[in-house]
Amino acid sequence: MSIPTRWNPDIEKEITREWEEQKLYRFVKDSRPAYIIDTPPPYVNSPVHIGHAYTYVYMDSIARYKRMNGYNVLFPLGLDRNGLPIEVQVEKELKLSVRNTPREIFVQKCREKLDEYSEASSSSFRLLGISFSSYEKGYVLGDMYETDDPDFRRLTQDIFIDLYNRGLVYESEKVSNYCPDCRISLSDAEVEYEEEVTGLYYIKFRLEDGSDAVVATTRPELLKACKAIIYNPEDERYRNLNGKKAKVPLFDHEIPVLPHPYAKQDFGTGLVMICSYGDRGDMMVFKDLGLTPTFLIDENGLMNENAGKYSGLKVREARKKIVEDLRNAGYLVKEERIKHETPICWRSKTPIEFIPRKELYLKQVEFRDELKKLAEQMKFYAPESAELLFRWIDSLTDDWVISRRRYYGTEIPLWYCKSCGYVYVPPKGKYYVPWKEKPPVEKCPRCGGTEFVGETRIFDTWFDSSNTPLYISGYSHDKEFFEQNYPVSLRPQGKEIVRSWLYFTLLKSYLVTGKPPFKDVWIHMHVVDEKGYKMSKSLGNVIDPMEVIKRYGAEAFRTWVFLEGDITKDDVKCSYGRIESASKFLTKLLNISRFTQLNSKEASLPENMSLSDRWILWELKSLVKSVRELNDSYYFNKSFTKIRDFTWFLFADHYLEMVKPRIYNPEYSEEEKQSAYFTMRKVLDVVIRLMSPYIPFITYYLYKSIYGKNVHLSSYPEESEVPVTEDLSAYTERIVEFNHYVWNTKKSMGLSLKDPIDLKVPEDLKLFEKDLIAMHNIKSPEKDLKA
Ligand SMILES: [Zn+2]
Ligand SMILES: [Zn+2]
């Protein structure tokens, strides 16, 4: 096959088809060691975005690298389909309300939408050349899986049943983080903090002796639920107030003034009103002081009946109204604007509230030390990203709220006896849907009653997705394989889900297996726009990976991925221009390959190899060594940059130029020519194989064209296959310098590169003299070089 001068992306589809026909990446158990990648199942309700495209390409290079190193790579595609986003989308797109639609129908609509989207996600990954073990859904190792599949849900339920029977799950009416928009409780991992400019209101409370105490608060709408005023025990100004009673403005109930270290002397007036609940701090003080909470906010985020005349108002409206009333009644002393860290829901960005809900909790706080011990056994890339996990484990103060009052998720497998309230837990091994099914038992084991109510709640979606390493390594399908291969090899994932996905997976793994889930963890930052901003529809700076593929092809995108920055350290900047510019390397690679194919013959290792050949082969050998070292620590970007630099800026720019005369000139001996042929083909063979995990399409095409073999079935280059032993790297810089010197000199003299020139090859390059003289058409090699 003759090699074209430009890469034609249309070939990529044809190549993908060939790979799939050959079932090239299919996972089949054999005697090789397994290497298992627990890929992050993307949520399928939106198209694959540029960040997904980047990280999956990166993971793909890891999979391909490990395959070429003799591992049997298990690299399954997972699709996340449980959870709120699809419900919200169905409500919006189909104009259905989750509350007014029968559950059966609503769930069906969600599933139909998800099926549509799943197809789109997996086809995007295909176009990118991701070598998943399979794109077909199924239940053997390596198959594509979906988190709402009955089989995946059964695993989630099985694990829950175990944990429940071991006494690790309990139900409690606790105050939890609550998002009024999503209408669900949130685990602490799902709460983010956003700096907001908000009012700080100074409010006058009348004390029993007739004097006033001024309290500063950001949440005056909670006055009705105010149960104490506190001051810091160190604060001299307020010691005389200890135990005094104060009257709450507008509502007139009496509350005590008490010392508590939660009050900060330098915030506001140093006096703090404690209400149920403005924040986590309020909750702690309530507990410490034995106060009884009153709740003012309902599940819709509206003030409830306890709020008196403010009932029915939204929280922010009530705040405005109450400030007005305080002002009119003369209680408002002053008002400031301050920056305040507001807790918000990570999905909808709504300020969260703290309201009491009866929910199921999984114990976690008591295992913090054990979890840290397991986390220490995992190796983090980059090492400093481990801190994110350790800090999160240290910060845990409450157990994990795992129940959600929504529809589209794994059902909690419990039934309740109608007559005595007995909680019936079914046996493991089946996917249960308690909201529409009868329990697998006739009578209540406690009272003999025959009527049960099925649980209607579902699990937090992290309760599902934290099972992925168990699922993919055969915990529920292939015990033998699981025993041999757990913990799995690698978890690649984003920094923003360390406290959710990574943490919850660690917790699950600890509770279920007592082992860490992974050997290695690779944490990445994000892909941002050219100016460093997050891509968003509203900013209009979104780069759609499908558009990139349309314009430049997948291989251009992949080239860009590995030439642009280190995503474990910083966000990576993306633009069409950057991708286009990275893709120039593909053109260069084609030209180098075409030149080599046209100008060399198959040649065996010559007995006497020319020095230039031995020199470039030594450089190649060093390249193989450093690429391997970098890849073994997952620095595929650094290694690819090295391969590009070698191929373009050393092999092509210098070596091939030095060797051209030998190829074309009859005055060189056959042995000298053979040495050149051997070297050119050897270097190209090695660099194509080195590059094939990163840019699998073009390397597949080239290797087949030149060597007639499938590069993806070849092994990754080893240092030992480069047949040189003498370190000639000391010459590299000198050769590069000398060549540039000659080119620049000719240019400044108005000569073409082919024109003859008078100069002397420097003493330290004497051994390369023959090639250098021929290459530069040097006429008087005796003349001194004024370098
Ligand atoms: Zn929300
Ligand atoms: Zn009963």
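**Reading a small sheet and its zinc site**

Mentor: Welcome! In this predicted model, let's begin with an open sheet of 3 strands, ordered 19-18-20, with antiparallel pairing. Its edges are strand 19 (423-424) and strand 20 (452-454), each of which pairs on one side only.

Trainee: What holds the strands of a sheet together?

Mentor: In general, strands of a sheet pair through backbone hydrogen bonds, in a parallel or an antiparallel way. Here, strand 18 (residues 415-417) and strand 20 run antiparallel and are joined by 3 bridges.

Trainee: Which residue in strand 20 is the bridge partner of Trp415?

Mentor: That partner is Gly454.

Trainee: Now the metal. Which residues coordinate the zinc ion (ligand 2)?

Mentor: Four cysteines do so through their SG atoms: Cys417, Cys420, Cys444 and Cys447, at 2.2 to 2.3 Å. Along the sequence, these donor residues follow the spacing C-x2-C-x23-C-x2-C. Cys417 sits in strand 18, while Cys447 is in the loop between strand 19 and strand 20, so this pair ties together parts 30 residues apart in sequence.

Trainee: Why is the arrangement around the zinc ion (ligand 2) tetrahedral?

Mentor: Look at the angles. Four donors count as tetrahedral if all angles lie between 85 and 135 degrees. The 4 donor atoms around the zinc ion (ligand 2) subtend 103 to 115 degrees, so the arrangement is tetrahedral.

Trainee: Is Cys417 buried or exposed?

Mentor: The cut-off for buried is under 20% relative accessible area. Cys417 has 3% relative accessibility, so Cys417 counts as buried. Cys447, with a relative accessible area of 40%, is partly exposed.

Methods
Residues numbered from 1 in each chain as written. Chains lettered and ligands numbered in written order. Predicted model: local features only at pLDDT ≥ 70, side-chain atom pairs only at ≥ 80, totals over all residues. Heavy atoms only, no water. Pairing = 2+ DSSP bridges. Helix = DSSP H or I, 4+ residues; strand = E, 2+ residues; numbered from the N terminus. Donors = N, O, S within 2.8 Å, 3.2 Å for Na, K, Ca; no water. Tetrahedral: all angles 85-135°; square planar, octahedral: opposite > 155°, others 65-115°. Buried < 20%, exposed > 50% of the residue type's maximum accessible area, 1.4 Å probe, protein only.
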